[in-house]
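Student: I would like a close look at one part of this model, followed by a walk through the rest. Please keep it brisk.

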Amino acid sequence: MIFWDLIYNAALLLSLGILYFVVARRWPQAQITGQVMRGLLFGFIALSVMAGPMVLLPGLVFDTRTVLLSVAGLFAGPLAALIAVVMTGAMRLWTGGVGVPPGILTIVTSAGIGVIFFYWRKRDPAVTRPSRLYAFGLVVHVVMLLCMFSLPLPLALKALKDISLPVIVIYPLVTLLLSWLLLEGERRIDVESGLEKSEKRFRTLAENVPGVVYRCQVAPPYSADYMSEDIQELTGFPAKNFTSGGGQSLNQLIAPQDREQVIALVREAVRLRGPFNLEYRIQRADGRSRWVHDRGQAFYSQEGEPLWLDGVLLDITAAKRAEEELRQAKEMAEHYLHMAGTILLSLDQEGKILLLNKKGYEILGYQDGELLGRSWFDICLPPSWAEQVRHTLVAAMRGEKTLDEYYENPVLTKSGQERTVAWHNSLLRDRQGKAYALLSSGEDITDRRLAEENLRRISGELDRFFTLAQDLLCIADRNGVLRRVNQEWTRTLGYSQNELQGRSVVELAHPEDRQATAQALQRLSGQRPILGFVNRCLAQDGSTRWLEWRAVAADEMIFASARDITQRILDEAERDRLENQLRQSQKLEAIGTLAGGIAHDFNNVLSAIMGYTELAQAGLAAGKQPTLELDNVMAAAARARDLVRQILSFSRQSGGKLQPLELRPLINEVLRMIRASIPSTIAIEENLEAQGRRIMADPVQIHQVLMNLCTNAYQALEENGGTIQVNLSGMRLDDPAEREYLGLEGGDYLLLTVGDNGPGMDQQTRERIFEPFFTTKEAGKGTGMGLSVAHGIVSSHQGAIKVESSPGQGAKFMVYLPVFSGQEQSASSPEPSSPPSGKGRILLVDDEKALVEVGCRALERLGYQATGTSSAKEALRIFTDDPQTFGLVITDYTMPGMTGIKLAEQLLAVRPEVPIILCTGYSEHISAQQARHLGIGQLIIKPINLAELGRAVGQALNPGPK
């Protein structure tokens, strides 16, 4: 049983000893807290084993505390052993009995032997070898057995008899096992601590390495096992995104344009088992790009398999930018070097050529690079100059002589020709101030020297030319003060040369032209020559002379010539007078052309009216309703009205209401009408852009412009066929020259282009194409009003129309109309289709009896009572007899004896509130505003249909609120 109790006790001791590792990991041995915690641990473990002792006799117990206390002294040191001794000693005293003395003695001796071996171990780590640990346990427990002699001898002998063999056999082994367990724990803790320290040092090193340290997989997507914190500064992504399941990989950082190449280079480095050095771009979290230098290498297993990649990323964006700037600066320097208009030359101390630019090679006649490293004195200088220049350069570099910053000498070209070069020189020195090279800039002045010679030679010739010239020649300063004049000034203006010198050309100018002359001088100050400037100058006798100037400024002086064009001016004035007379005669000719054209158009209209009227009469005689014939009569009458309005439109006597208008639908409507009326030999091509953009215009007038332009193009193609092109686009008119040419303000415009590929026009025709009544058609084929009317309409809309044409190249008309940017007003309600009727008595006055009869019948059909007369005086009499009888007066404007205006004034004098409608076939003499100012309610233009008459009468009788 003793053996089994000892084995059980030892097993409990070993199992409880495992707790030592927990304490050892948490509290290091070097700390006081660690020693105290170890002492408490060993003490509690000792108390635990003492709680289940082997009882030999009452008061005489045995347990494994000796093992525990000796190991505590060996591994935990004196402080821990002392704590364990106090705890176990107190426990043994408390339990009492005959075995207290040997018990206390064994506690103290076991711990003391352990402490002795603790210090021995520090000097000799070999103490922890297994054989020595066993000997250590044997010594402890032999001493423990000797402590039994502190008992009475019989008890001591009995105790030794019962426990000696188990103690000697089992306890040293338990001591060895427990020591081995604690020793392995220490080794493990040391390894873990070493690993922790190593990892800490690695992390400290990694975090302090300039750049991002990483460890990742050897293949894409290069998921990271470790990533230093600097990755956030480089990429904007935190390190945990790469290592803590954040889903980020190094492959995703690589810019798409570089990714494939980087992967290929890394794979090749892994295959060759060598390092890789790469430069590529990465994509930051904010979308910006950065350049990095990636240096790394793969680590391999013993079998040669790559395990991971270790590397460092360095941000080289600034270096790349500096490299690019350096490259650009170098290219720029080389560019400037070779673009320089002078020779740039550098020589070493021996006179060998270090640098020569393109201009130098060009002047010397050699190929680029051909002279580098060769002697300047032996090859490029004439023999008579070589030694002199060599001696000067060598002496200057040695500091024996001051180098001239400027000198001139000849150089020898490859062909043997000598050219004179003016040099500017500078010595290049090192930090010690010693000259090591010469830098020179040379200008080839050979041609300038020849020019100076030529200038001296021809100077006399120029003086003679200055004297003999028939123009007024002068040299003046920048203020226009004359410094030299030729004799022609005296012949033209009457002043002597001495009187002219010192006077300003502004002073000599006519008072009305002095400001323009001063402005011309300012243009010359801005280095702009004057060509064809004309002003008037006052001669000495007070007469005026016209001068045409040509002048240029150079070297702070003005060189000018003036030609007397007085006679030419007088001739041009006479020519203008004759041209005015010619234009008057052309107007008379145009009137004749107009009469013939209008007669042709009106004959067609009247023929239609007469023909359909005869058909209507014949139908009535046969008992038929002549509705179709009367409709055609009305259509022909409308054509006649439109012809009159076309003439008025040209003379700008008619104008419609302006409204926001989109051109595309209107153009499509016109093109549909044109397609239906032209032969199939003529094609129409359209390209209509600027959808949704509008102009402020009268739709009827713009429709007329489109019809006139398209009809003009059709007539140009009528004989041989062809293509009409209609384009619409938006444009911005900003160029000042273009605005001046078109006569328009700057801004947004719609450009309407109507062109044809017909026979085109010569210059004479093109210049007159917009003149009223001008036509190239045969007699009887039109009035020539179409393009003139179009010109008038476009001008009234603040636009412009231009034409481009030449013989055989067709014609293109371009219409510029300003874009409307305001708000469109709500459309008014449509007018009723049927004429409104009413009641009341109306006085109708017109000098045409037929119009009186037709007007009365029309008013009666509308429900009114009408009294008509063809005499203004008779109308005044009828109205004066009973002023309250008539609710409205309708009067013609033009009547013999008394005009409609005079009649209205007298009617209003009799009855001021009477409504009056004034009718006219031509609105040049009065406008609606003028009529209202006179008290006339409405002004309507003849001819008037029934609906228009009904609406006018209804508004006059029921004006509504004002």
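Student: Take the crossing of α4 and α6: is it left-handed or right-handed?

Tutor: The structure is a predicted model, so please read what follows as a description of that prediction. The crossing of α4 and α6 is right-handed. Helix α6 covers residues 130–146. Its axis and that of α4 come within 10 Å. The two cross at roughly 125 degrees. An angle over 145 would count as roughly antiparallel, and 65 to 115 as roughly perpendicular. α4 and α6 are therefore oblique to each other.

Now set that beside the other partner of α4. Helix α4 spans residues 65–95, and helix α5 spans residues 100–123. Their axes lie 8 Å apart. The packing angle is about 165 degrees. That makes α4 and α5 roughly antiparallel, because angles over 145 fall in that class. The contact of α4 with α5 has 17 nonpolar residues, along with 10 polar and three charged ones. The handedness here is left: α4 passes α5 in a left-handed crossing. So α4 takes part in a left-handed crossing with α5 and a right-handed one with α6, under the handedness rule used here.

Next, a loop further along the chain. β3 (212–216) and β4 (224–227) are linked by a loop that holds proline 221. The peptide bond between proline 220 and proline 221 is cis, with omega about 10 degrees. Tyrosine 222 sits in the loop between β3 and β4 as well. Its phi is near 60 degrees. That is a positive value in a residue other than glycine.

Another cis peptide bond joins lysine 942 and proline 943. There, omega is about -10 degrees. Proline 943 belongs to the loop between β29 (938–941) and α32.

On to the sheets. One open sheet has five strands, in the order β9-β8-β12-β11-β10, with antiparallel pairing. β9 (353–356) and β10 (406–412) form its edges. Each of these edge strands pairs on one side only. Neighbouring strands of this sheet are turned by 30 degrees against each other on average, direction ignored. Look at one edge in detail. Strand β8 covers residues 343–348, and three bridges join β8 to β9. The two run antiparallel. Serine 346 has leucine 355 in β9 as its bridge partner.

A further open sheet of five strands runs β14-β13-β17-β16-β15, again listed with antiparallel pairing. Its edge strands are β14 (482–485) and β15, and each pairs on one side only. The twist averages 30 degrees from one strand to the next. At the β14 edge, three bridges join β13 to β14. These strands run antiparallel. Cysteine 474 has its bridge partner in β14, namely valine 485.

Strands of this sheet also reappear around an enclosed space. The model has four cavities of 30 Å³ or more. The largest cavity has a volume of about 170 Å³. Its lining comprises 15 residues. Val505, Leu521, Leu524, Trp549 and Ala551 lie nearest the centre. The elements giving two or more residues to this lining are β13 (472–477), α20 (514–525), β15 (530–538), β16 (544–554) and β17 (557–564). α20 gives the most, with four residues. By class, the lining has 12 nonpolar and three polar residues. It has no charged residues.

Last, an open space. The second largest pocket has a volume of about 1,800 Å³. It is lined by 41 residues, of which Met634, Leu851, Val854, Ile944 and Asn945 are the closest to its centre. Two or more lining residues come from each of α21 (566–621), α22 (627–650), β25 (841–845), α28 (849–861), β27 (888–892) and α32 (946–957). The largest share comes from α22, with 10 residues. The lining of this pocket divides into 27 nonpolar, six polar and eight charged residues. α32 is also the helix that follows the loop with proline 943.

Note on methods:
Residues numbered from 1 in each chain as written. Predicted model: local features only at pLDDT ≥ 70, side-chain atom pairs only at ≥ 80, totals over all residues. Heavy atoms only, no water. Axes fitted to C-alpha atoms, helices over the stretch in contact; angles between N-to-C directions. Parallel < 35°, antiparallel > 145°, perpendicular 65-115°, else oblique. Nonpolar A, V, L, I, M, F, W, Y, C, P; charged D, E, K, R; others polar. 1 Å grid on protein atoms, 1.4 Å probe; cavity = no way out; pocket = protein on both sides within 12 Å on 5 of 7 lines; lining within 4 Å. Points joined across faces, edges and corners; volume = space filled by probe spheres on them. Pairing = 2+ DSSP bridges.
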